[in-house]
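Dear colleague,

Please find below the structure that I am handing over to you, followed by some notes on it.

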Amino acid sequence: MLICFIAVLAVSTMISTLSIISIRRSFTQSMNVYHSAKDEGYRQEIVSETQSAISMVQMEYDLYKDGKQTEDEAKERAKEDIRNFRYRDDQSGYFWIDDLDYNLVMHPILTDQEGNNRKDLKDQKGNMIIQMIRKSCTSKDKGGFNEFYFTKADGKTVAPKLAYS
């Protein structure tokens, strides 16, 4: 009877252990799928929102081409349209404009830095942020994703960023 009890206890312990391992493996796989889908969803969102921002700028350009406003008016209106454009449910997504000479044309949070040249702007890992973005914009694909670290609006917290340019 004792041998049967020990055998049942050993088999039960093995089955329980294998079940726990299987549940943990399934949970890990599910979390990986979830994070992958979430990341892909965010990537699609920022591509779509970038296309919306480009459409806004295109509208101002078209008004200029049609003679309904001056070039300077079109540029100023486009900058302000983009400055005020937000996305995400919490309105945390925003756009900024750097020109091809690395000058910050407009940034909704860093307004005091507008006009500064940011060619040598590095993140904490040494990535040349604006140079990477410019390279994406001027590539044969005419755009792409860039990942870097940047200080949040609080001026203290450094966070990973994903940009589509």
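**What was found**

Ile 6 lies in helix H1, which covers residues 2-65; helices (H or I, at least four residues) and strands (E, at least two) are DSSP runs, numbered from the N terminus. Please bear in mind that this is a predicted model, in which local features need pLDDT of at least 70 and side-chain atom pairs count only at pLDDT 80 or more, while totals for chains, interfaces and linings use all residues. Residues are numbered from 1 along each chain as its sequence is written, and side-chain values use heavy atoms, with hydrogens and water left out.

Together with Leu 2, Phe 5 and Leu 9, Ile 6 makes a nonpolar surface patch of about 440 Å². Patches are made of residues with over 30% relative accessible area and no salt bridge, like charges being joined within 9 Å and nonpolar side chains (Val, Leu, Ile, Met, Phe, Trp, Tyr) within 5 Å; the areas come from the Shrake-Rupley method with a 1.4 Å probe, and for residues only the protein chains shown count as cover. Ile 54 also lies in helix H1 and is exposed, with a relative accessible area of 53%. Here buried means under 20% relative accessible area, exposed over 50%, and partly exposed in between (1.4 Å probe, protein chains only).

As for the chain as a whole, its secondary structure comes to three helices and four strands, and from the N terminus on the elements run α-α-β-β-α-β-β. The radius of gyration is 25 Å, well over the 15 Å that the globule rule gives for 165 residues, so the chain is more spread out than a compact globule; this radius is taken over C-alpha atoms, and the rule is 2.2 Å times the number of residues to the power 0.38. Along the principal axes, the C-alpha atoms fill a box of roughly 100 × 35 × 35 Å, and buried residues make up 22% of the 165 residues.

In helix H3 (residues 129-137), the buried residues are Ile 129, Ile 130, Ile 133 and Ser 136. They cover an arc of only 120 degrees around the axis, which puts them on the same side of H3, the arc being that of the directions from the helix axis to the C-beta atoms. These buried residues of H3 pack against strand S1 (97-98) and strand S3 (145-151), where contact means heavy atoms within 4.5 Å.

The structure holds nine salt bridges, each defined as a side-chain nitrogen of Lys or Arg within 4 Å of a carboxyl oxygen of Asp or Glu. One of them joins the side chains of Arg 83 and Glu 114 (2.7 Å, N to O), and this pair links distant parts of the chain, since Arg 83 is in helix H2 and Glu 114 is in the loop between S2 and H3, 31 residues apart. Arg 83 is buried, with a relative accessible area of 15%, whereas Glu 114 is partly exposed at 26%; both belong, with Glu 80, to a network of salt bridges. Another salt bridge brings Glu 76 and Lys 79 together (3.4 Å, N to O), and because these two are three residues apart in helix H2, they are separated by about one helical turn.

Lastly, two residues that are not glycines have a positive phi: Gln 91, at about 65 degrees, and Tyr 102, at about 75 degrees. Gln 91 sits in the loop between helix H2 (71-84) and S1 and is partly exposed, whereas Tyr 102, in the loop between S1 and strand S2 (104-106), is buried, with a relative accessible area of 13%.

With best regards
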